[in-house]
Amino acid sequence: MKEINDNITVFIRIKPPSQKENEYQQTIHYQTDEENQQELILKANNDQRHFTFDHIFMPNSTQEEVFTKITDTITKFCLQGNHQFASV
């Protein structure tokens, strides 16, 4: 993991499709770049959008994995002498 500094750290979690989304095939098609697991590519109607995050949690990620990764990051941030963070 890179050293945290004054930059903003952004995590994203891709939710599994809901039952309704599965029924109507309304899921968003995505992929992560094989070489760069921090890049998310969204596909819809022959259009591709690329987004970059500090960490991407896939649909099969557990609550424990998400919690551990985020709290480890916040802890390291605080131990570096920073005392401000936001979570949404």
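What is the mean pLDDT of the chain, and what share of its residues reach 70 or more?

## Confidence

This is a predicted model. The mean pLDDT of the chain is 76. Of its residues, 73% reach 70 or more.

Confidence varies from element to element. Strand β1, residues 11-13, has the highest mean pLDDT among the elements, at 88. Strand β2, residues 29-32, has the lowest, at 71. Where pLDDT is low, the predicted coordinates should not be read in detail.

## Overall layout

The chain has two helices and five strands. Their order along the sequence is β-α-β-β-β-β-α. So a strand opens the pattern and a helix closes it.

The chain is 88 residues long, and buried residues make up 17% of it. Now take the contacts between residues at least 6 apart in sequence. Of these, 48% join residues at least 24 apart.

## The β3-β4 hairpin

Two strands pair here. Strand β3 covers residues 39-44, and strand β4 covers residues 47-52. They run in the antiparallel sense and share six bridges. Together they form a hairpin, with two residues between the strands. One turn residue, Asn45, has a positive phi of about 50 degrees.

Which residues face each other across the hairpin? Leu40 has Phe51 in β4 as its bridge partner. Leu42 stands opposite Arg49, also in β4. Here is a general rule to keep in mind when looking at strands. In a regular strand the side chains alternate between the two faces of the sheet.

## One aromatic pair

How many aromatic pairs does the structure hold? It holds one. The partners are Phe11 and Phe57, with ring centres 6.0 Å apart. Their planes meet at 35 degrees, so the pair is tilted. A stacked pair would need planes under 30 degrees apart, and an edge-to-face pair over 60.

Phe11 sits in strand β1 and Phe57 in strand β5, residues 55-57. The two parts are 46 residues apart in sequence, so the pair ties together distant stretches of the chain. The partners differ in exposure. Phe11 is partly exposed, with a relative accessible area of 24%. Phe57 counts as buried, because its relative accessibility is 4% and the cut-off for buried is under 20%.

## Around β1 and β5

Val10 belongs to the segment before β1. Its relative accessibility is 35%, so Val10 counts as partly exposed. In sequence, Val10 and Ile56 are 46 residues apart. In space, their C-alpha atoms are 8.9 Å apart. Beyond its neighbours within four places in sequence, Val10 is in contact with Phe53, Asp54 and His55.

Lys15 lies in the loop between β1 and α1. Lys15 counts as exposed, at 51% relative accessibility. Leaving aside neighbours within four places in sequence, Lys15 has contacts with Glu21 and Pro59. Lys15 and Ser61 are 46 residues apart in sequence, yet 9.1 Å apart from C-alpha to C-alpha.

Is Ser61 buried or exposed? Ser61 is buried, with a relative accessible area of 13%. Its place is the loop between β5 and α2. With neighbours within four places in sequence left out, Ser61 is in contact with Arg13 and Val66.

## Helix α2

Helix α2 runs over residues 63-79, which is 17 residues. At 1.5 Å a residue, α2 should span 24 Å. The C-alpha atoms at its ends are 24 Å apart, so the span agrees with the expected value.

Which residues of α2 are buried? They are Val66, Thr73 and Phe77. These residues cover an arc of only 45 degrees around the axis, so they lie on the same side of α2. What covers them includes β1 and β5.

The face turned away from the buried side looks quite unlike it. That face carries the exposed residues Gln63, Glu64, Phe67 and Leu79. Just after α2 comes Gly81, with a positive phi of about 95 degrees.

Technical notes: Residues numbered from 1 in each chain as written. Predicted model: local features only at pLDDT ≥ 70, side-chain atom pairs only at ≥ 80, totals over all residues. Heavy atoms only, no water. pLDDT = per-residue confidence, 0-100. Helix = DSSP H or I, 4+ residues; strand = E, 2+ residues; numbered from the N terminus. Pairing = 2+ DSSP bridges. Phe/Tyr/Trp six-rings, centres within 6.5 Å; stacked < 30°, edge-to-face > 60°. Buried < 20%, exposed > 50% of the residue type's maximum accessible area, 1.4 Å probe, protein only. Expected span 1.5 Å × (residues − 1). Arc of directions from axis to C-beta. Contact = heavy atoms within 4.5 Å.
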